[in-house]
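Got the viewer open? Let's walk through a few selections together, one stop at a time.

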Amino acid sequence: MPIIPAISTIAQTIQLSLAPVFMLAGIGQLLNVLAGRLSRVIDRARKLEQLHPNFSAADRTRYGWELRLLDRRMTIINAALFLAVSSAIMTCVLIALLFIAELAKLHFGTAVALCFILAMILLIAALVSFIFEVRMSLRAFRIRPELLKDLL
């Protein structure tokens, strides 16, 4: 006769999985922000690429610098997206392990802890990449001193 877990056991497992589920929601929001930033960077790069043949010599230097910066930003955002998705996958594995361990009466405590630690390390790396990209984006949005001088 198959062993059916008690409702209380399932309820406790669901309670244990709530924190990782909230973490997944946060990672989802981070992915949304990163995807939005990536699309804006791509749009700006495409616009500059279209204008490239019409640049004057002075503009070519300035916009060439910006295109290189946009390329680096795309690389960093892609890395952050990869890290955040990896963290989400690890969190899903963690939730699955919680249920498998409980239903099969297996002792996966070490595996669950390692999954959580890895998910957090990946999330931290994604957030570090994100802040690095945000700081890098500020370089492109500085107002040139010659424009400010004319305003005074």
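Start by selecting Lys105: with a relative accessible area of 56%, this residue is exposed, because exposed here means over 50%. Keep in mind as you look around that the model is predicted.

Stay on that residue for a moment. Lys105 sits in the loop between helix 2 and helix 3, and its phi is positive, about 55 degrees, although the residue is not a glycine. That's worth a second look, because most residues other than glycine have a negative phi. The spot is easy to find again, as Lys105 comes just after helix 2.

Now step back into helix 2 and select the whole of it, 57–104. Helix 2 has 48 residues and runs 70 Å from its first C-alpha to its last, close to the 70 Å expected at 1.5 Å a residue.

Next, go across the loop to helix 3, residues 109–140. Its 32 residues should span 46 Å at 1.5 Å a residue, and the end C-alpha atoms are 47 Å apart, so the two figures agree. Which residues of helix 3 are buried? Colour Val112, Cys115, Ala119, Leu122, Leu123, Ala126, Ser129, Glu133, Met136, Ser137 and Ala140 to see them.

For the last stop, show Arg68, Arg72, Arg135 and Arg139 as sticks: on the surface, they gather in a patch of positive charge. Helix 2 and helix 3 are the elements that each give two or more residues to this positive patch. Zoom in on Arg72, which lies in helix 2. Is Arg72 buried or exposed? Neither quite fits: Arg72 is partly exposed, with a relative accessible area of 38%.

How values were computed. Residues are numbered from 1 along each chain as its sequence is written. This is a predicted model: local features need pLDDT of at least 70, side-chain atom pairs count only at pLDDT 80 or more; totals for chains, interfaces and linings use all residues. Side-chain values use heavy atoms; hydrogens and water are left out. Patches are made of residues with over 30% relative accessible area and no salt bridge: like charges are joined within 9 Å, nonpolar side chains (Val, Leu, Ile, Met, Phe, Trp, Tyr) within 5 Å. Accessible areas come from the Shrake-Rupley method with a 1.4 Å probe; for residues, only the protein chains shown count as cover. A salt bridge is a side-chain nitrogen of Lys or Arg within 4 Å of a carboxyl oxygen of Asp or Glu. Lys and Arg count as positive and Asp and Glu as negative; His and the chain ends are not counted. The place of a charge is taken as NZ of Lys, CZ of Arg, CG of Asp or CD of Glu. Helices (H or I, at least four residues) and strands (E, at least two) are DSSP runs, numbered from the N terminus. Buried means under 20% relative accessible area, exposed over 50%, partly exposed in between (1.4 Å probe, protein chains only). The expected span of a helix is 1.5 Å times one less than its number of residues.
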